[in-house]
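Q: I've got a model open and I'd like to learn how to read it, feature by feature. Can you walk me through it?

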Amino acid sequence: AIRASVALRIYHKCGSAVDHQREEESQKLIKTWSSWFDTVQVRYVDDEVRADDCSAYLAYVVDRYDDMPEFAVFLHADAPEHIPTIDLLMDTVFAAARGYLPPEAGFIHLAHNYVRHDCPGSTGTCTTPDAFEVAQLWRKVFQSSITPVMSEGELNGYCCVQFLVRRERIRLRSKDFYVRALSFFGAESYHALFPVGKVVWEPDTRGRTPCQLNMYFWHVMFGEDLWLPRRHRDK
């Protein structure tokens, strides 16, 4: 019964550059997953510079903004690696598909790696090595002149972003916001991290720095407070 309520959209980040090979891969994926979902579609995402889940997630939001399901669950291909138990994922999807989630459940993180940036337990001065980069990205993504200070605990959340979000939360922001963000997480996001000129610094490409730091922005995009509390079940 759940199968009829859940569609799978695969945003492929590692596809061949050859059209017929892409089509073969798409058909293989559709065949593999069709017995588990109501519908399966494959869409390739080609990054100008590697953008990981940022370009995949944002591409989905832009694609479906005007026809968004009531809930969308955003997952990596290796979903269980960063989720405490697969039961958490299955139970959450089941509850959303059956209408059991309460109205206040607008955004639910599914990962288990909770990260605080305010140096809990430290007796020394708390510093954030990525403070400059976070501020630059925040200004660009949110078009804001003010930025949170991570070392003072103004922005915390889960890393390795996999989450459920309600349609109304996505639509708190205009489609143009997501279109701009999707465009930004190309070379421009790398340029923002380098103080001078339009430089894509090789260590940033290895570390996928823009999207790695954007892990702490997603919950804010979708209407949560900057300080996202730790779930009671996470240690």
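Q: Let's begin with strand pairing. How many bridges join S1 to strand S2, and do they run parallel or antiparallel?
A: Keep in mind that this is a predicted model. To read a pairing, look for bridges and for strand direction. Here S1 and S2 (residues 40–44) are joined by 5 bridges and run parallel. For a concrete pair, take His12, whose bridge partner in S2 is Tyr44.

Q: What does the chain pass through between S1 and S2, and is the crossover right-handed or left-handed?
A: The chain leaves S1, goes through helix H1 (residues 19–33) and arrives at S2. This β-α-β crossover is right-handed.

Q: Is S1 (residues 8–12) enclosed or open?
A: Count the buried residues, meaning those under 20% relative accessible area. In S1, 4 of the 5 residues are buried, so the strand is largely enclosed by the rest of the structure.

Q: His20 sits in helix H1; is it buried, exposed or partly exposed?
A: Partly exposed, because its relative accessibility is 49% and exposed would take over 50%. You can also set sequence separation against spatial separation: His20 and Val42 lie 22 residues apart along the chain, with 14 Å between their C-alpha atoms.

Q: Now helix packing. Which numbers should I look at?
A: A pair of packed helices is described by the angle between the axes and the distance between them. Try helix H2 (residues 52–64) and helix H6 (residues 175–184): their axes come within 9 Å and cross at roughly 150°. That angle makes H2 roughly antiparallel to H6, since the cut-off for that label is over 145 degrees. The crossing itself is left-handed.

Q: Which residues in H2 and H6 meet?
A: From H2 you have Ser55, Leu58, Ala59, Val61 and Val62. They meet Lys175, Tyr178, Val179, Ala181 and Leu182 of H6.

Q: On to the sheet: in what order do the 3 strands come?
A: Read a sheet from one edge to the other. This one is open, has antiparallel pairing and runs S3-S7-S4. S3 and S4 are at the edges with a single partner strand each, so one side of each has no neighbour in the sheet. On average, neighbouring strands are turned by 10° against each other, ignoring direction.

Q: How many bridges hold each pairing with S7?
A: Strand S3 (residues 71–74) pairs with S7 over 4 bridges, while strand S4 (residues 107–109) is joined to S7 by 3. Leu164 is a handy landmark in S7: Val73 has Leu164 as its bridge partner, and Ile108 stands opposite Leu164 as well. Phe163 of S7 has His109 opposite.

Q: Are the faces of S7 covered or open?
A: Check the side chains face by face. In S7 (residues 163–166), both faces are covered: Phe163 and Val165 are buried on one side, and Leu164 and Arg166 on the other. As for what lies over the sheet, helix H3 (residues 86–98) lies across S3, S4 and S7, at about 165° to S3.

Q: Last one: is Asn214 buried or exposed, and what is it in contact with?
A: Asn214 belongs to helix H9 (residues 209–214). A relative accessible area of 0% makes Asn214 buried. Skip the neighbours within four places in sequence, and the contacts of Asn214 are Cys54, Val141, Phe185 and Met221.

Note on methods: Residues numbered from 1 in each chain as written. Predicted model: local features only at pLDDT ≥ 70, side-chain atom pairs only at ≥ 80, totals over all residues. Heavy atoms only, no water. Buried < 20%, exposed > 50% of the residue type's maximum accessible area, 1.4 Å probe, protein only. Helix = DSSP H or I, 4+ residues; strand = E, 2+ residues; numbered from the N terminus. Pairing = 2+ DSSP bridges. Right-handed = clockwise from strand over helix to strand, strands pointing away. Axes fitted to C-alpha atoms, helices over the stretch in contact; angles between N-to-C directions. Parallel < 35°, antiparallel > 145°, perpendicular 65-115°, else oblique. Left-handed = near helix turned anticlockwise from the far one by under 90°. Contact = heavy atoms within 4.5 Å.
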